[in-house]
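User: Can you walk me through this model? I'd like to start with the sheet and then look at salt bridges.

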Amino acid sequence: KIDKSMKKINITLLVALTAVILGVFSSCSDNEVDRDKSIFVDPDPSTYTKFDKWLNLNYRDNYNIEFKYKMEHLESDLDYQLVPTSIENASIFAQILKYLWMEVYTEVVDLEFTRTYIPRIVHLIGSGAYNTNNTVLLGTADGGLKVTLYRINSLPSTITGAYLNTNYMKTVHHEFMHILHQTKNFSDDFQHISGTDYIGSEWSSNSNTEANALKLGFISRYSRMNYHEDFVEIIAYFITNSEAWWTSRLA
């Protein structure tokens, strides 16, 4: 009885699937694709908030960036339990990011450089992404197309440049450097300078203190993860600290 029932179910599913496929093919053949129209449809403009309109003008229209501040399931890392960012903090951070990131590279190089290499998606997460080894993920860069930034809800009421550099902008420059070196890699010689001192996930161990890492020639504990992280950490720390700080670190 079970076999007969399963057979009937399988036949029914096959017939249904065939009908769907034939329907799809007939629909495709009956309708020509209008290549002058985008397949992506904007939300109803009447639903835009003032912040949405600002983002369209300053991010999408100017830099071709989609700024996602409403945490999206498919854009998020499902290995972590995460919290969305507040709209208030998202609006503050959007202005900070534009001023301290995109406009900086535009001023130093040019607008074409920024538009070419800046990621297509910026995704904000309200909380940090906490690991089991007592570390927290502050940001990620995915294939040069998307940057995800965490802990946006931790913005204090009084924001200083030092706070931004330590908690956010170092991470932003770190991830952007990953995007740039994925486009044009640095010399293979770099990885051999400290090759035997890279320790992978053990970088967060108690024995790898800041002092020990510095004695081995690393700018941070995390630099000992691997030579890719080492390279971008050097640049991120160089950009977000003063010349006096850098000189004392070298000494």
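**Sheet, patch and salt bridges**

Analyst: Let's start inside the sheet. This is a predicted model. Valine 122 has valine 147 in S6 as its bridge partner.

User: How do S2 and S6 pair, and over how many bridges?

Analyst: S2 and S6, residues 146–149, pair in the parallel sense. The count is 4 bridges.

User: What pairs with S2 in the parallel sense over 3 bridges?

Analyst: That is strand S1, residues 66–68. Within this pairing, lysine 68 has histidine 123 in S2 as its bridge partner.

User: Which way do the S2 side chains point, and are they buried or exposed?

Analyst: S2 covers residues 121–124. Ile121 and His123 point one way. Val122 and Leu124 point the other way. All of them are buried.

User: What's the strand order in the open sheet?

Analyst: The order is S1-S2-S6-S5, so to speak, read across 4 strands with mixed pairing. S1 and S5, residues 139–142, are the edge strands, and each pairs on one side only. Ignoring direction, neighbouring strands are turned by 15° against each other on average.

User: How do S5 and S6 run?

Analyst: They run antiparallel, joined by 4 bridges. In this pair, threonine 140 stands opposite threonine 148 in S6.

User: Which helix lies across S5 and S6?

Analyst: Helix H5, residues 161–183. H5 runs at about 20° to S5.

User: OK, salt bridges. How many does the structure hold?

Analyst: The structure holds 5. One of them joins glutamate 233 to lysine 170, with the closest N and O atoms 3.6 Å apart. The pair links distant parts of the chain, 63 residues apart. Glutamate 233 is in helix H8, residues 227–240, and lysine 170 is in helix H5.

User: Are glutamate 233 and lysine 170 buried or exposed?

Analyst: Both glutamate 233 and lysine 170 are buried.

User: What does arginine 249 form a salt bridge with?

Analyst: Glutamate 210, with the closest N and O atoms 3.1 Å apart. Arginine 249 lies in helix H9, residues 243–250, and glutamate 210 in helix H7, residues 210–215, so the pair ties together parts that are 39 residues apart in sequence.

User: Why does arginine 249 count as partly exposed?

Analyst: Because its relative accessibility is 22%, and partly exposed runs between the 20% and 50% cut-offs. Glutamate 210 is partly exposed as well, with a relative accessible area of 35%.

User: And glutamate 103, what does that residue form a salt bridge with?

Analyst: Lysine 98. The closest N and O atoms are 2.3 Å apart. Glutamate 103 counts as partly exposed at 28% relative accessibility. Lysine 98 counts as buried, at 13%.

User: Switching to the surface. Which residues make the nonpolar patch of about 250 Å²?

Analyst: Val104, Val108 and Val109 make that patch.

User: Where is valine 108 placed?

Analyst: Valine 108 is in helix H3, residues 87–108.

User: Why does valine 108 count as exposed?

Analyst: Because valine 108 has 65% relative accessibility, and exposed means over 50%.

Note on methods
Residues are numbered from 1 along each chain as its sequence is written. This is a predicted model: local features need pLDDT of at least 70, side-chain atom pairs count only at pLDDT 80 or more; totals for chains, interfaces and linings use all residues. Side-chain values use heavy atoms; hydrogens and water are left out. Buried means under 20% relative accessible area, exposed over 50%, partly exposed in between (1.4 Å probe, protein chains only). Helices (H or I, at least four residues) and strands (E, at least two) are DSSP runs, numbered from the N terminus. Two strands pair if DSSP finds at least two bridges between them. Patches are made of residues with over 30% relative accessible area and no salt bridge: like charges are joined within 9 Å, nonpolar side chains (Val, Leu, Ile, Met, Phe, Trp, Tyr) within 5 Å. Accessible areas come from the Shrake-Rupley method with a 1.4 Å probe; for residues, only the protein chains shown count as cover. A salt bridge is a side-chain nitrogen of Lys or Arg within 4 Å of a carboxyl oxygen of Asp or Glu. Axes are lines fitted to C-alpha atoms, for helices over the stretch in contact, and angles run from 0 to 180 degrees between N-to-C directions. Contact means heavy atoms within 4.5 Å.
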